[in-house]
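Here are some short exercises to work through with the model open beside you. Try each task before you read its solution.

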Amino acid sequence: MRRTLFESLHRGTMTETAPPRDAETAALVAELDRAALRRLGRSLAIRAVDAGSCNGCELEIIALGNVLYDLERFGLKLVASPRHADVLLATGPMTRNMSAATRLAYEAMPAPKFVVAVGDCGRDGGVFAASPHCLGGTASVLPVTLTIPGCPPTPAALLRGLIGLLG
């Protein structure tokens with residue numbers, strides 16, 4: 001153990017350098033921040049709810065926090081409580097088990113509140129629409145403000161959708 005520690009200290013850093021930031025992505029995030037400040041007077045707080053998805057959309061939402069998109073540096077943040085959220089990102093088809101919990105999360109949000117149905121499943125149930133446990137898209141339970149299509153939508157598409165929501 002001790003030998004391994006000393007070897008790693010002599011070897012130095014083994015991580016790769018961060019990829020260069022995409023100018024288009026930086027412009028999208030900056031525009032989203034300006035739209036949030038103009039519309040809400042503060043930065044945007046986002047609560048993501050998985051209503052029964054395959055987790056593809058969640059991976060893309062989580063990618064918004066990685067080194068390429070880095071929403072936190074612009075003040076945009078994913079929050080754990082719907083009481084702190086301005087936007088509810090609902091992913092996946094609305095299942096019977098999650099419909100009540102999603103409705104409670106929506107009711108806990110302060111006004112103004114927006115609901116964004118993410119992905120094809122959030123729009124209309126997608127490939128899971130025929131399941132007896134699926135109620136359809138997010139609109140079957142909540143008033144949807146915006147739908148972002150895709151299976152799954154890219155992080156850039158999510159940013160464009162949020163800009164369109166606040167614009």
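**Exercise 1. Work out how much surface the protein exposes and what share carbon and sulfur atoms supply.**

Start with the area: the protein exposes about 9200 Å², by the Shrake-Rupley method with a 1.4 Å probe, where for residues only the protein chains shown count as cover. Next, take the share: carbon and sulfur atoms supply 58% of that area. Keep in mind that this is a predicted model, in which local features need pLDDT of at least 70, side-chain atom pairs count only at pLDDT 80 or more, and totals for chains, interfaces and linings use all residues. Residues are numbered from 1 along each chain as its sequence is written, and side-chain values use heavy atoms, leaving out hydrogens and water.

**Exercise 2. Find the order of the elements from the N terminus on.**

First, count them: the protein has six helices and seven strands, taken as DSSP runs (helices H or I, at least four residues; strands E, at least two) and numbered from the N terminus. Then read off the order, α-α-β-α-β-β-β-α-β-α-β-β-α.

**Exercise 3. Place R83: is R83 buried or exposed, and what does R83 touch?**

Begin with the location, the loop between β2 (77-78) and β3 (87-91). Now the accessibility: R83 counts as exposed because its relative accessibility is 60%, and the classes are buried under 20%, exposed over 50% and partly exposed in between (1.4 Å probe, protein chains only). Finally, the contacts (heavy atoms within 4.5 Å): leaving aside residues up to four places away in sequence, R83 touches A108 and P110. A111 is 28 residues from R83 in sequence, and their C-alpha atoms are 10.0 Å apart.
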